[in-house]
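Hi,

Here is the structure I said I'd pass on to you. Have a look at it first, and then read on for my notes.

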Amino acid sequence: HILGNRYSLACGDITFVAKVEAKDLLRKPTIKWFKGKWMDLASKTGKHLQLKETFERLTKIHTFEMHIIKAKDNYAGNYRCEVTYKDKFDSCSFDLEVKGLLNEGQDDAGELDFSGLLKHREPKQDDTPEVDVWEILKNARPDQYEKIAFMYGITDLRGLLRRMKKIPKEEKKSEAFAKKLEPAYQVDKGGKIRLVVDLADPTVELKWYKNGQEIRPTPKYIFEHKGTQRIMVINNCSMNDDAAYSVAAGDEKCATELFVKELPVKIVKGIEAVKTTVNERIELECEVSEEGAQVKWMKNGVEVPTGVRSRYRVKCEGTKHFLVIDDASREDTGTYSVMATGGTSEARIQVDLKPLKVHQDLQDTTVMLGQPIKLLCEISPGNVPGRWYRNGQLVQPNDRINIIHRNKVHRLEIASSSLHDAGDYTFVPEGYSQSLSAKLHIIDPPRVHLDSMNFPDNTVTIVAGNKLRLEIPISGEPAPRVVWMKGERVSFHIIFIWSCLFKVILESGQRVRAETYGDQTSLTIEVTEREDTGNYKIVLQNEAGEATASVKIKVVDIPDPPEAPLVPVVGGDWCSMTWEPPKYDGSSPILGYFVERKKKQSSRWMRLNFDLIKETSFEPKKMIEGVPYEVRIFAVNAIGVSKPSEPSKAFTPLAVTSEPTMLVVDDVTDTTVTVKWRPPETIGAAGLDGYLVEYCIEGSKTNSNLLKTNLTEKTRYTITGLTPGCKILVRVKALNAAGASTPRTLQHSILVKEVIEPPKIRVPRHLKQTYTRRVGEAVNLVVPFMGKPRPKVTWLKEGKTIEPTDVSIRNTDCDSIIFIRKAERSHSGKYEMNVQVENHVDTAILDIQIVDLPGPPVCVTIEDVWGGNVALVWTPPKDNGNAPITGYTIQKADKKTMEWFTCIEHYHRTCITITELVVGNEYFFRIFAENMCGLSETATQTKKSALIRQYHAQPHSFTLTPTGLQIKTHDYNDHDFKEAPKFTQPLINTFAIAGYNATLNCSVRANPKAKVIWMKNKIAILDDPRYRMFSNQGVCTLEIRKPSPYDGGMYSCKAINDLGEAQVECKLEVKGQCGPRGELSLPPWVRVCIRV
């Protein structure tokens, strides 16, 4: 509870206290303080807000306090306290008003205000008037109250409605209603309510609504008419009737809200105290004021569990509620209470024990060891449990001991008795001081416990010469007499009496003796011999009976050596050897054998196996052919390794070859079959003498039908004389001095019938483009083709038949060769090859170009001479040598010396200006033409010479001479052709395939000629044989020979002269080339990295 619901504060401190009763709570409840609708004040604690909680153990009351220090005007508002515990919930709300203001600024403003969670902004002037919520609620319909309350932050809607009732309303006159519904109605649950309206016009149709849904007449809703009054009666009101109601008369409506109040459930008749005994039925009964009400049953302040597996049952019959305990026990004693919303009733239940009566007492029992034990008693009452004790120790049930309680009978069962089970047994009924007792005696006949020794087949194995001590457990009550015998003769005996020890020494001496201690007897042999092997019998006797057991002692030793092994089969680097087991295995199974080998002339033996060989045969491998060997055997048992056997007879490895490989059919005609194969992968030291081809008609089942051919040394053979249409099977063997290899057989039979295969010309890659040769060189072209039977081949040149005198043509079964011993320019042209098989034809065209040196230019003339410059013009040569002219070479010669010097090479135009000529000299010029074959044999020379005169730089002037008017020209300065490097064509990003050459190209212009430097990843490439660099007429080329992915990267080209430098770069990416099996071909170092 919390006191009050409205508080006023004058700018000071205030404390709110909420107390929660925890009498029925198992742990501390959870409490939350809120301001407004949802702002949790736990996050606002500080110097203005403090939360505190305490707990009083005597009264079991939790106290929760909220302290507000130095309240401000923005602390005013609605506050709410919520308490939760598991599925229970309660809350209380109150209002706080702050009447005064503190002049301390706004430093701490907003700590409890909702606006503190929003962004801080500069205050704006708001001219809108304050909203009066009460005026809005007065003029609104009742169904809009909740929406308006949510909009303006009002949380206590029911309190708001109660306060609105007290405010007088200014009712507006209505045309349809003379009197409207009240704003709110309240009725008790189960009661009856009448909603009455008075109509101004009785003829208007009226409709009633509940939460917007039209209400129809039912026994619950009854409509009555009394004059102008319209009445709706709601009978037997429930919580579902708590809703908003409205009535519509024409276009007008009036609304109200109905509140249903739930009455507390009172206990009309309380529960009564009960006193009974165990196993009886208990039934507590109470009666409440309302049928179907919920009640809670408690035991000692704790709610009674009423689940499916609970001992408690709850039932309800109308207003009566029952708590039933079918089988009462002493644990059911306690104070029981029933709780309803309107009251509580409690009573005490006392459950006592019934008097104990013994119908059958425990009896003293004697049991043989190992037999089941049953102790039985019978008491009443029958449902009383009890405990069993042996010698004062509590007996717990386990896999061997079973405790049974059925009605009045209590039974202790032991499946198999042991000596430890003997003693005094007592049964004590639970809750009683009386007990039942009896004695249990265990009788044990003599026994020999050989099973605990874990001897396989009761056999003890000992190595000859070692000491044997055999200890065997025995048991018996009274103590038995022990007798040892070997075979049927008593060798020695010991009479054993409990706690006493007797030793008997045999007549043969101290080597064999017997001893007995407590629960075991032992046999000791100091030094074992082969004669000690045999069966030993132990005899135990006492008053309860006699027991015997046998133990077999086996003395083992290393085996004898096997006999000399045999070598029946010898291979190229292996042999097959067999041997017989040794005659004496040392009384222990032979585990395996070791095999050793040596060369006959050597004395050093080498072990061939490190794991034992279980069989009596072995195949030594990795021997050298032609070298004689010997082998020997060691036998091994559990004791050790025998001596070696005698060496075998010397043998020399010599092997046949492996089978031939790649056996395929090469050709088939109507009477012949040609097969070919490849040599064997493995050829022994005996070499390869030849091959044997065998064939048979399909369907033959025996080797007698095989037909053999002559021995051949070639890997291709033609079987002749076959019948057309038959099917044959073919196999090939390789022969040498060691014999014939395993045959290589064709998987399918061969039909002896020639198959037509359409012709197909396979033009080599270098012939798919123009094939160029110089005059005088030989032309030898091989064009392979396919087709069966042998195709007919014809050649045409420019559509005409080729003369055999000019061009030699030779045709075979699989290719055609065109040969020109000494090529001439007339041999150039397009050659057409036709391959025909019956109606199938395939055609290929070869373009052959025979080139020669070009002729000289037709005419070279001096176009103009000025300063130190001469302009030349010429005409291309008439004969270009059957190849495009690629450039010209211009040379000059002084008239005095006539020594020719090259001015420029590989020049492409037919006009040029020669500069930097010496003033006063007279020059002749000549020009060579150039094509792919080289320079022309001769050059064309200018007919006239060019005289370089000296001029003075002065303005134009005219001089009058006796001969006439002469003009004097100005001197002109030469044009400066010097230029810093500039790339006219940059490098471009390139992709290359690993293993294929790649080139990078760019062009640069510079005067004087620039020095070109190639770099990879900004490191200069110098003297690397994998790179070749070219520079021709300003075109710079870098060739990378067979690049790998490692060669990828950024490549750059830098040009430098006296006037400056320029640089371009590109990216080269090398893609890996797939190998024959699909693996990526990479440099060796890259492959190593990937493996690591």
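To get you started: in what order do the strands of the open sheet of 5 strands come? The order is β19-β26-β25-β21-β22, and the pairing in this sheet is mixed. At the edges you'll find β19 (274-277) and β22, each with a single partner strand, so each has one side with no neighbour in the sheet. If you want to look at that end with β22, β21 and β22 run antiparallel and are joined by 2 bridges. M298 is the residue that stands opposite E303 in β22.

Before going further, please keep in mind that this is a predicted model. As for the overall picture, the chain has 1092 residues, and 36% of them count as buried. It contains 4 helices and 90 strands. Take the contacts between residues at least 6 apart in sequence: 62% of these join residues at least 24 apart. The chain's accessible surface is about 66,500 Å², with 50% of that belonging to carbon and sulfur atoms.

Some strands from that open sheet turn up again in a pocket. The second largest pocket has a volume of about 1,200 Å³. It is lined by 33 residues, and E21, K23, D24, L25 and K88 are the closest to its centre. Several strands supply at least two lining residues each, among them β21 (296-299), β22 (302-303), β25 (334-340) and β26 (343-352). β2 (14-21), β7 (77-85) and β8 (88-98) are also on that list. Which strand gives the most to this lining? That is β8, with 5 residues. Sorted by class, the lining holds 14 nonpolar, 8 polar and 11 charged residues.

Next, have a look at strand β12 (residues 206-210). Is β12 enclosed or open? It is largely enclosed by the rest of the structure, because 4 of its 5 residues are buried. β12 runs antiparallel to strand β16 (residues 244-249), and 5 bridges join the two. One pair to pick out here is K207 with its bridge partner A248 in β16. β12 also runs antiparallel to strand β13 (residues 213-214), this time with 2 bridges. In that pairing, K210 has Q213 of β13 as its bridge partner. β12 and β13 form a hairpin with 2 residues between the strands, and N211 there takes a positive phi near 55°.

Further along the chain, strand β43 (residues 534-542) is worth a click. It runs antiparallel to strand β39 (residues 481-486), and 6 bridges join them. W484 has I538 in β43 as its bridge partner. β43 is also joined by 9 bridges to strand β44 (residues 545-556), again antiparallel. A hairpin links β43 to β44 through 2 residues. In this pairing, N535 is matched with K552 in β44.

One last residue: K733, in strand β56 (residues 727-736). Is K733 buried or exposed? Its relative accessibility is 18%, so K733 counts as buried, given that the cut-off is under 20%. Leaving aside residues up to four places away in sequence, K733 touches P660, G690, Y691, L692, E694, A740, S741 and P743.

That's what I have for now. Happy browsing!

Notes
Residues are numbered from 1 along each chain as its sequence is written. This is a predicted model: local features need pLDDT of at least 70, side-chain atom pairs count only at pLDDT 80 or more; totals for chains, interfaces and linings use all residues. Side-chain values use heavy atoms; hydrogens and water are left out. Two strands pair if DSSP finds at least two bridges between them. Buried means under 20% relative accessible area, exposed over 50%, partly exposed in between (1.4 Å probe, protein chains only). Contact means heavy atoms within 4.5 Å. On a 1 Å grid over the protein atoms alone, a cavity is a set of points where a 1.4 Å probe fits but cannot get out, and a pocket is an open set with protein on both sides within 12 Å along at least five of seven lines; lining residues have an atom within 4 Å of a point. Grid points are joined across faces, edges and corners, and a volume is the space filled by probe spheres set on the points. Ala, Val, Leu, Ile, Met, Phe, Trp, Tyr, Cys and Pro count as nonpolar, Asp, Glu, Lys and Arg as charged, and the others, Gly among them, as polar. Accessible areas come from the Shrake-Rupley method with a 1.4 Å probe; for residues, only the protein chains shown count as cover.
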